[in-house]
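Please look over the sequence and the model below before reading on. The paragraphs that follow start from one detail and then widen to the whole chain.

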Amino acid sequence: MEKIELLEVQSQRLYFRRLHATDLELASCVLQNAETMAAWDRPYDRSDTLDFIADMLRRYRTDGIGYVAAFEKQTDELVALCGLLAEQLDGRPAVSLGCIVRSEKRFHGFGRECLSAMLSCAFARLELDRVVSFIRLDNVGALQTAAAFGMKPVGRCERVHAGQAVPHAVLEMRNPLAAPDGIN
C-alpha cells in the first residue's frame, strides 16, 4: 500500500495530524472519557492510551495509515480521533474506517466531516477499491451515519472489547471514483 501523509488532509472546519509519542494528554481526553468510549464498554486507562498511541505509530511506519487527531480550525481544539486502519477481514487484507468523536463535540457534524475527509483520502489519494467499517450492532448512531455515507452491510463478525467478544456489523463502501467493472 502506498504510504500517505495524512498531515495534508483538511476539511471545511477541521485539520488533521498524525499522533505523536508525546500525545498522551491529547489522546486521553478522547480515549479516557467514559461517555465517549461507551461503545468500547469502558474508557481506556493510561496504559491502554499509551498502547493505542504506540499502535498508531507502528501503523504509520508499517502501513502508512492509522488514526489521526482531528482539530477544529477555529479553536485548535481536538474534536476526534479518526482514520483508516490496515486490517484483515475473512483472512484477506482490508482497510477499515473509524472515528471516535469526543462526547461534547457530538451532534455538530464533526463525525461526518471526519469520515468524509478519510473517505476522500481512501478513494482519491490511496485509490482503494473499497473501505469497510466494523460497527457494534447496538451503536445505532454509527450505523445510521455509515448508511448516510452509502455504506452497505456485507456481514457480521465478532471483535473483542474489554476482553469480551462483541457482535459487529461489517459495512462496505466501494470507491465511487473507480471505473465500473469492464470499463477502463
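Which residue with a positive phi follows α3? In this predicted model, that residue is Glu127, whose phi lies near 55 degrees.

The helix before it, α3, covers residues 110–125, and its length can be checked by a simple calculation. At 1.5 Å a residue, its 16 residues should span 22 Å, and because the C-alpha atoms at its ends are 21 Å apart, the expected and the computed span agree. Along this helix the buried residues are Phe110, Gly111, Glu113, Cys114, Leu115, Ala117, Met118, Leu119, Cys121, Ala122 and Phe123, a list that includes the acidic residue Glu113.

One of these buried residues, Leu115, leads on to another helix, since Thr145 is in contact with both Arg112 and Leu115 when its neighbours within four places in sequence are left aside. Thr145 belongs to helix α4, which comprises residues 140–148. With a relative accessible area of 18%, Thr145 counts as buried, because the cut-off for that class is under 20%.

Helix α1, made up of residues 24–31, is mostly covered, with six of its eight residues buried. The buried positions are Leu24, Leu26, Ala27, Ser28, Val30 and Leu31. What covers them includes the helix α2 (46–63) and the strands β1 (14–18), β2 (67–72), β3 (78–89) and β4 (92–101).

These elements belong to a protein chain with four helices and seven strands, which, read from the N terminus on, follow the order β-α-α-β-β-β-α-β-α-β-β. Among contacts with a separation of 6 or more, 58% join residues that are 24 or more positions apart.

The overall dimensions can be examined in a similar way. A compact globule of 184 residues would have a radius of gyration near 16 Å, and because the protein chain has 16 Å, the value agrees with that expectation. Taken along the principal axes, the C-alpha atoms fill a box of roughly 50 × 35 × 35 Å.

As for the surface, 48% of the 184 residues count as buried, while the accessible surface of the protein chain comes to about 9,800 Å², with 49% of it belonging to carbon and sulfur atoms. The chain carries 22 positive and 25 negative charges, and the mean positions of these two sets are 2 Å apart.

Methods. Residues are numbered from 1 along each chain as its sequence is written. This is a predicted model: local features need pLDDT of at least 70, side-chain atom pairs count only at pLDDT 80 or more; totals for chains, interfaces and linings use all residues. Side-chain values use heavy atoms; hydrogens and water are left out. Helices (H or I, at least four residues) and strands (E, at least two) are DSSP runs, numbered from the N terminus. Buried means under 20% relative accessible area, exposed over 50%, partly exposed in between (1.4 Å probe, protein chains only). Contact means heavy atoms within 4.5 Å. The radius of gyration is taken over C-alpha atoms; the globule rule is 2.2 Å times the number of residues to the power 0.38. Accessible areas come from the Shrake-Rupley method with a 1.4 Å probe; for residues, only the protein chains shown count as cover. The place of a charge is taken as NZ of Lys, CZ of Arg, CG of Asp or CD of Glu. The expected span of a helix is 1.5 Å times one less than its number of residues.
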